[in-house]
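Colleague: Got a minute? I'd like to walk through this model with you.

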Amino acid sequence: SNDILNVVVTGAAGQIGYSLIFNIVRGEMFGSDQKIRLVLMDIAPMLDGIKGVIMEIEDCCYPLVGEIVVTADPKEAFANADYAILVGGMPRKDGMERADLLKANATIFQVQGKALNDHAKKTCKVLVVANPANTNALIAMVNAPNIPKENFSCLTRLDQNRARAQIALRAKVSVKDVHNIIVWGNHSLTIFPDHRCGYVSLPSGKSTISGAVKDDTWLQNEFVATVQKRGAAVISARKLSSAASAAKAITDHIHDWHLGTPEGEYVSMGVHSDGSYNIPSGIIFSFPVTIKNGVYTIVQGLPIDKNTQEKLDATTAELISEKEVALAL
Ligand code: NAX
């Protein structure tokens, strides 16, 4: 099929990396006939562990992956990159202030943004997963002026998938029949899952989410809170943060960016705001998008009621304050 794609995964030795890498080499991200050159990047002390992951990739006998490169050097990692999936970052440690976390990560994404700018293809597409994901993506974007702003994104697909799953469970339908559930804003406790443009499609007919769930109080309150706090709920049960579900969401995000969305289907991506829905430019904000030929378009004209506007204002204010802290380096 196409030429070999250069795909970089940072944080490759981490727990998301351990799921994500196998999704990629199985063909779930780029399709079952797309050959890949895989670059696995982490900090130097973690590279020995990645050698074990490479042995496991070999032992899977998947045919799509050719060369595999292991490195701790951003310049080497991003050389000629087609896709850069930035999972590696500084985790929040006990007693760490939010501002310290923001600054530690801002430094990492400044370095990686510059390395992308100087070494990746100008067409490289970048997905930032490491938290604070929206602000890290913004820092990478502003440090890579040679790459179009539209090539930078952050992961909010996990929030969307969580929201879609909650609706399916509550309406007692298959998740495949639930469409166009979207999430707005920051990947944080202020993310706003919005069901109002969604629908359930069954052989017996199409219905609104409200009609399928039959509980508007739940939709207004518990649904939103469950999605916002889902990451914490997984940590408290598993004693580890979401990993396989995060890897699946990353796979969905890049799959759709590369191969397009089905006609009429919306997906959520953190992207640079172009002023749509009066969200100020200069922040990375989760919008509903459709994708064709590798280019996303923000869905226009969705109804914003008073409640939604309040939620958009809150998540926007949070992103602006994160940006101020991160840029005050
Ligand atoms: P892990 O701590 O298991 O792995 C992170 C890896 O990144 C480690 O191997 C570490 O050595 C590496 N790393 C640190 N600094 C690096 C650097 N400068 N360059 C390259 N690699 C570096 O974390 P994991 O559970 O895999 O989560 C990774 C990130 O995803 C975290 O920041 C986490 O907060 C974030 N998440 C974001 C989600 C989203 O929806 N946007 C959901 C899942 C996840 O919580």
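Modeller: Sure, we can go from the whole chain down to single residues. Keep in mind that this is a predicted model.

Colleague: How many helices and strands are there in the protein chain?

Modeller: The protein chain has twelve helices and 14 strands. Its radius of gyration is 19 Å, close to the 20 Å that the globule rule gives for 329 residues, so the chain is as compact as a globular protein of that length.

Colleague: And what does the C-alpha trace span along its principal axes?

Modeller: About 55 × 45 × 40 Å. Of the 329 residues, 43% count as buried.

Colleague: Which residues have the most contacts inside the largest nonpolar core?

Modeller: They are V8, A84, I85, V129 and A140. That core has 91 residues.

Colleague: Take V129. What is it in contact with, leaving aside neighbours within four places in sequence?

Modeller: I16, I85, L86, V87, L155, A246 and I250. I85 is also on the list of residues with the most contacts inside the core.

Colleague: New topic. Which residue does the UniProt annotation "active site" cover?

Modeller: H187, according to the UniProt record, which is an unreviewed entry.

Colleague: Where is H187 found?

Modeller: In the loop between β8 (182-184) and β9 (192-194).

Colleague: Is H187 buried or exposed?

Modeller: Buried. The cut-off is 20 or more other C-beta atoms within 10 Å. H187 has 27 C-beta neighbours inside 10 Å, so it counts as buried.

Colleague: What touches H187, again leaving aside neighbours within four places in sequence?

Modeller: H187 is in contact with A133, N134, C154, L155, T156, D159, G270 and S286. D159 belongs to helix α6, which covers residues 157-171. D159 is one of the buried residues in α6.

Colleague: How far does α6 reach from its first C-alpha to its last?

Modeller: α6 has 15 residues and reaches 21 Å, close to the 21 Å expected at 1.5 Å a residue. K172 follows α6, and its phi is positive, near 55°.

Colleague: Last one, the three-stranded open sheet. What order do its strands have?

Modeller: The order is β7-β10-β11, with antiparallel pairing. β7 (178-179) and β11 (205-208) stand at the edges with a single partner strand each, so one side of each is left without a neighbour in the sheet.

Colleague: How many bridges join β7 to β10?

Modeller: Two, and the strands run antiparallel. In β10, V200 is the bridge partner of V178.

Technical notes. Residues numbered from 1 in each chain as written. Predicted model: local features only at pLDDT ≥ 70, side-chain atom pairs only at ≥ 80, totals over all residues. Core = buried A, V, L, I, M, F, W, Y, C linked by C-beta atoms within 7 Å. Buried ≥ 20, exposed ≤ 12 C-beta atoms within 10 Å, placed from the backbone. Contact = placed C-beta atoms within 7 Å. Helix = DSSP H or I, 4+ residues; strand = E, 2+ residues; numbered from the N terminus. Expected span 1.5 Å × (residues − 1). UniProt positions renumbered as here; feature names shortened; annotations may be inferred. Pairing = 2+ DSSP bridges. Rg over C-alpha atoms; globule rule 2.2 N^0.38 Å.
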